[in-house]
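Q: Please take a close look at the salt bridges, with the cut-offs stated. How many are there, and which side chains meet in them?

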Amino acid sequence: FRFFVYSANKVTVKIYDTLGMFVSKIESSNLIHNEYNEISWDASKVTSGLYFAEVQSDMKESKLIKLVVIR
């Protein structure tokens, strides 16, 4: 995931399947302010399909992203 951070110190990414069931959680606190940052998700343990990722910062900013896993 690539995201822009203004002044947040921590980002949490929660991944859900299409039924809304929780799949995985990723956290990163090594952020560079006012820059694009990246965080990786190991999708090797999930099946192909559509997923949703909620990216939320400690400043309570959040975005919902659609993901497609293709094998």
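A: What follows takes the salt bridges pair by pair and then turns to the surroundings of one partner.

This is a predicted model, in which local features need pLDDT of at least 70 and side-chain atom pairs count only at pLDDT 80 or more, while totals for chains, interfaces and linings use all residues. Residues are numbered from 1 along each chain as its sequence is written, and side-chain values use heavy atoms, with hydrogens and water left out.

The structure holds three salt bridges, a salt bridge being a side-chain nitrogen of Lys or Arg within 4 Å of a carboxyl oxygen of Asp or Glu. Side chains of opposite charge can pair when their charged atoms come close.

One of the three joins the side chains of Arg 2 and Glu 38, at 3.8 Å from N to O. This pair links distant parts of the chain, with Arg 2 in strand E1 and Glu 38 in strand E4 (residues 35-38), 36 residues apart; strands (E, at least two residues) are DSSP runs, as are helices (H or I, at least four), and they are numbered from the N terminus. Both Arg 2 and Glu 38 are exposed, where exposed means over 50% relative accessible area, buried under 20% and partly exposed in between (1.4 Å probe, protein chains only).

Another salt bridge brings together the side chains of Glu 27 and Lys 10, at 3.7 Å from N to O. Because Glu 27 lies in strand E3 (residues 22-28) and Lys 10 in the loop between E1 and E2, the pair ties together parts that are 17 residues apart in sequence. Glu 27 is partly exposed, with a relative accessible area of 44%, and Lys 10 is also partly exposed, at 35%.

The side chain of Glu 27 also meets that of Lys 25 in a salt bridge, at 3.5 Å from N to O, and Lys 25 is partly exposed, with a relative accessible area of 47%. Salt bridges that share partners thus join Lys 10, Lys 25 and Glu 27 into one network.

Glu 27 also has a nonpolar neighbour: leaving aside neighbours within four places in sequence, Val 11 is in contact (heavy atoms within 4.5 Å) with residues including Glu 27, Ile 26, Ser 28 and Leu 31. Val 11 is itself among the residues that touch the most other members of the largest nonpolar core, which has 17 residues; such a core is a set of buried Ala, Val, Leu, Ile, Met, Phe, Trp, Tyr and Cys residues joined through side-chain atoms within 4.5 Å.
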